Amino acid sequence: MIAEALDGAHVHITADEVFERASARLPEISRATVYNTLNQFHALGELREITLDAGPKRYDPNAAARHQHLVCDRCGTIRDVVPQGDVRLPDDQLYGFAINDIEMIFRGLCPACAGPRSGSAASPKRPR
Ligand SMILES: [Zn+2]
Ligand SMILES: [Zn+2]
């Protein structure tokens, strides 16, 4: 049930949203069950936790494929993206660290938010 709530591409939802989706299908499911299951999935490496801005952390089921995120500054749409080329620090900026992971956020406006520049009264389309 919880796995189904997280099914799909470019899914990045908060624990509360997972709970809402799961309880729509299984009304008796408790919030604690959902939270515990999410923590277990995360511990198993099947979910990635991401934090964007000041909002609650989100769960990303696309944990197997290393990727970064492209975020619309206006509507918050999130896309999984894979930057080209190696992203690495020069040796003199490693400070002896062993790097485990890299988190990058590419920001901008999605096409719907950037909008037609003609100034027509066309209603803005929501992505997804
Ligand atoms: Zn947008
Ligand atoms: Zn992602």
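## A tour of two sheets and a helix pair

Start with the strands β5, β4 and β6: these 3 strands form an open sheet in the order β5-β4-β6, and the pairing is mixed. Keep in mind as you look around that this is a predicted model.

**Stop 1: the borders of this sheet.** Select residues 78-81 for β5 and residues 105-108 for β6. These are the edge strands, and each of them pairs on one side only. Turn the view to look across the strands: from one strand to the next, the twist averages 25°.

**Stop 2: the strand in between.** Now select residues 68-72, which make up β4. A little background helps here: strands of a sheet pair through backbone hydrogen bonds, and they can do so in a parallel or an antiparallel way. In which sense do β4 and β5 pair? They are antiparallel, with 4 bridges between them. To see this pairing residue by residue, show L70, which stands opposite R79 in β5. Then show V71, whose opposite number in β5 is I78.

V71 is worth keeping on screen, since R107 in β6 also stands opposite V71. Here β4 and β6 run parallel, joined by 4 bridges.

**Stop 3: the turn.** Follow the chain from β4 to β5. The two strands form a hairpin, with 5 residues between them. Pick out G76 in the turn: its phi is positive, at about 80°.

**Stop 4: the other sheet.** Next, select β1, β3 and β2. These 3 strands also form an open sheet, in the order β1-β3-β2, with antiparallel pairing. Its edge strands are β1 (13-14) and β2 (48-50), and each pairs on one side only. Add residues 58-60 to show β3, which runs antiparallel to β1 and is joined to β1 by 2 bridges. Which residue of β3 is the bridge partner of I13? Show Y59 to find that partner.

**Stop 5: two helices.** Finish by selecting residues 15-25 (helix α2) and residues 31-43 (helix α3). Their axes lie 10 Å apart, and the helices pack at an angle of about 120°. Angles over 145 degrees would count as roughly antiparallel and 65 to 115 as roughly perpendicular, so α2 and α3 are oblique to each other. Their crossing is right-handed.

Turn on the side chains where they meet: A15, V18, F19 and A22 from α2, with R31, V34, Y35 and L38 from α3. What kinds of residues make this contact of α2 with α3? Colour them by type and you will find 7 nonpolar, no polar and 1 charged.

Definitions and conventions. Residues are numbered from 1 along each chain as its sequence is written. Chains are lettered from A and ligands numbered from 1 in the order in which they are written. This is a predicted model: local features need pLDDT of at least 70, side-chain atom pairs count only at pLDDT 80 or more; totals for chains, interfaces and linings use all residues. Two strands pair if DSSP finds at least two bridges between them. Axes are lines fitted to C-alpha atoms, for helices over the stretch in contact, and angles run from 0 to 180 degrees between N-to-C directions. Angles under 35 degrees count as roughly parallel, over 145 as roughly antiparallel, 65 to 115 as roughly perpendicular and the rest as oblique. A crossing is left-handed if the near helix is turned anticlockwise from the far one by less than a right angle, and right-handed if clockwise. Two residues are in contact if their C-beta atoms, placed from the backbone, lie within 7 Å. Ala, Val, Leu, Ile, Met, Phe, Trp, Tyr, Cys and Pro count as nonpolar, Asp, Glu, Lys and Arg as charged, and the others, Gly among them, as polar.
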